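Trainee: I would like to learn how to read strand pairing and helix packing from a set of coordinates. Could we work through one example together?

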Amino acid sequence: MQPIKEPGFRQSVDLMFNRAVALMDLPPGLEEKIRVCNATYTVRFGVRLRGQIQTFTGYRSVHSEHMEPVKGGIRYALSVNQNEVEALAALMTYKCALVEAPFGGSKGGLCIDPREWDDHELEQITRRFAYELIKRDMINPAQNVPAPDMGTGEREMAWIADQYARMNTTDINSRACVTGKPLNAGGIAGRVEATGRGVQYALQEFFREPEDKKKAGLTGTLDGKRIIVQGLGNVGYHAALFLSTEDGARITGIIERDGALFNPDGLDVQAVHEWIVGHGGVTGFPDGQYVADGASVMEEECDILIPAAMEGVLNLDNAERIQAPLIVEAANGPITAGADEILRRKGAVIIPDLFANAGGVTVSYFEWVKNLGHIRFGRMQRRQEEARHQLIVDELERLSADSGVGWQLSPGFKQKYLRGAGELELVRSGLDDTMRTAYQSMRAVWHGRDDVGDLRTAAYLVAIDRVASSYRAKGL
Ligand code: NAD
């Protein structure tokens, strides 16, 4: 018998798109227009480093321009290739539509192992890559706005923003050309944690719905739930940290490149993170069992599995052995189309990537708006809000004293109530609202249609319908 062939990442995204679109009634041709990637630019550039010219290959792919600017991260990894960048750009289109971020979809990548280069070299490479994209308007506040992804972070975004400002000295909105910048370079409070925070909010909303928990065979709250996380980078670290320290979940497994840690009583996420920063991996961490074949830990019994590293890690090879009843796709495309089918057949509930990791683009949207508004969120209203709250507190205390009842507001309440919302509180509130609203829009389709049996198809249906409406409004 022919072995079943695993579809690639791009194919997987298309298969999932096709599954949803088959349930829709789109005008002829529109389906194809939405599915295809509009353009992919490949650039090869040289940078003189270590005494010779080194040539690098980079991509910027634009999947859909039904709204502009288009938005999507820039990834640094040796595995970057055109198919991957196009798949990720397509996911960005659907993700932005689902969470109502007013952007089209895009993605970029550079074929490089960032760990092989020192800081100064990386800066030269990043600036040169940015130069190549900026001069073709593939980085531009009105047209194409990148953000961090695997292998990049605030530092790279600051270099890109500065490169754009140097090449566009009179553009008053230059800071909005890229998001995920450090605070002192036009960033926004809460962007670094945003994707992990969004994963937490996604799970909290799921756990508010008894019917949904039932579908995964789970009960109660997140408190005490056993969670296995793959990848303790930006997304995985923040998700695991918040879920364990704020919701009481137990992180029983952490999988990294060099192996995994397992501890049924729960791992100290902060301590593991510090160990990785200091030692380059999880090997040698004292408070957990080390497993050399890290990926096998995804097959352990747990309540929630969170793949937060890369695509294709749950595939035809291991899907049958996965025991988790609830899988949250914190990474993009961690489940192949083949594995998705197997897992659904086994009854697992999958919270899909286009929703689960949308916290990053949501807060990027807030950052872009902040940059265009040229003012920090909360700056105008925070103290005014505090003054109004103070009026009420003073009045309550006066009434209590005058009536002789002697009521006293508890100091904890007073402190909390009096504090006006700063930027971080506003960002978290906006993110929470976005994740809850998006979850409910997917959920309505999941529960409301007999022909939709899973959250991914529901998410695609909502997203494609919105993209189609945009195209229709444009007269296409
Ligand atoms: P990152 O580079 O900060 O972290 C990735 C982590 O995964 C690292 O700790 C790395 O060592 C680990 N890792 C890599 N390969 C692994 C493997 N084979 N097995 C186990 N661990 C492995 O990247 P990130 O920004 O956290 O992104 C992770 C995923 O989340 C990607 O799929 C990315 O597209 C997606 N994502 C990121 C953001 C964001 O804001 N950063 C937003 C949305 C989606």
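Mentor: Let us begin with one pair of strands, keeping in mind that this is a predicted model. Strand β10 and strand β11, the latter spanning residues 326-328, pair in the parallel sense over 2 bridges, and within this pairing Leu305 stands opposite Ile327 of β11.

Trainee: Which strand is joined to β10 by 4 bridges, and in what sense do the two run?

Mentor: That strand is β6, residues 226-230, and it runs parallel to β10. Here the bridge partner of Val229 is Ile306 of β10. Strand β6 is also joined by 5 bridges to β7 (residues 250-256), again in the parallel sense, and Val229 stands opposite Ile254 in that strand.

Trainee: Where do the side chains of β10 point, and are they buried or exposed?

Mentor: In β10, which covers residues 304-307, Ile304 and Ile306 point one way whereas Leu305 and Pro307 point the other way, and all of them are buried.

Trainee: How many strands form the sheet, and in what order do they come?

Mentor: The sheet is open and has 7 strands, in the order β9-β8-β7-β6-β10-β11-β12, with mixed pairing. At its edges are β9 (289-291) and β12 (349-351), each of which pairs on one side only, and from one strand to the next the twist averages 20°.

Trainee: Which strands does α6 lie across, and at what angle does α6 run to β11?

Mentor: Helix α6 lies across β10, β11 and β12, and its direction is at about 150° to that of β11.

Trainee: How, in general, is the packing of two helices described?

Mentor: Two packed helices are described by the angle between their axes together with the distance between those axes. In this model, α6 (residues 194-207) packs with α8 (residues 234-245) at an angle of about 45°, the axes being 7 Å apart. The two helices, α6 and α8, are therefore oblique to each other, and their crossing is right-handed.

Trainee: Which residues make that contact?

Mentor: From α6 come Thr195, Gly196, Arg197, Val199, Gln200 and Leu203, and from α8 come Val235, His238, Ala239, Phe242 and Leu243. Sorted by class, this contact of α6 with α8 comprises 6 nonpolar, 4 polar and 1 charged residues.

Key. Residues are numbered from 1 along each chain as its sequence is written. This is a predicted model: local features need pLDDT of at least 70, side-chain atom pairs count only at pLDDT 80 or more; totals for chains, interfaces and linings use all residues. Side-chain values use heavy atoms; hydrogens and water are left out. Axes are lines fitted to C-alpha atoms, for helices over the stretch in contact, and angles run from 0 to 180 degrees between N-to-C directions. Angles under 35 degrees count as roughly parallel, over 145 as roughly antiparallel, 65 to 115 as roughly perpendicular and the rest as oblique. A crossing is left-handed if the near helix is turned anticlockwise from the far one by less than a right angle, and right-handed if clockwise. Contact means heavy atoms within 4.5 Å. Ala, Val, Leu, Ile, Met, Phe, Trp, Tyr, Cys and Pro count as nonpolar, Asp, Glu, Lys and Arg as charged, and the others, Gly among them, as polar. Buried means under 20% relative accessible area, exposed over 50%, partly exposed in between (1.4 Å probe, protein chains only). Two strands pair if DSSP finds at least two bridges between them.
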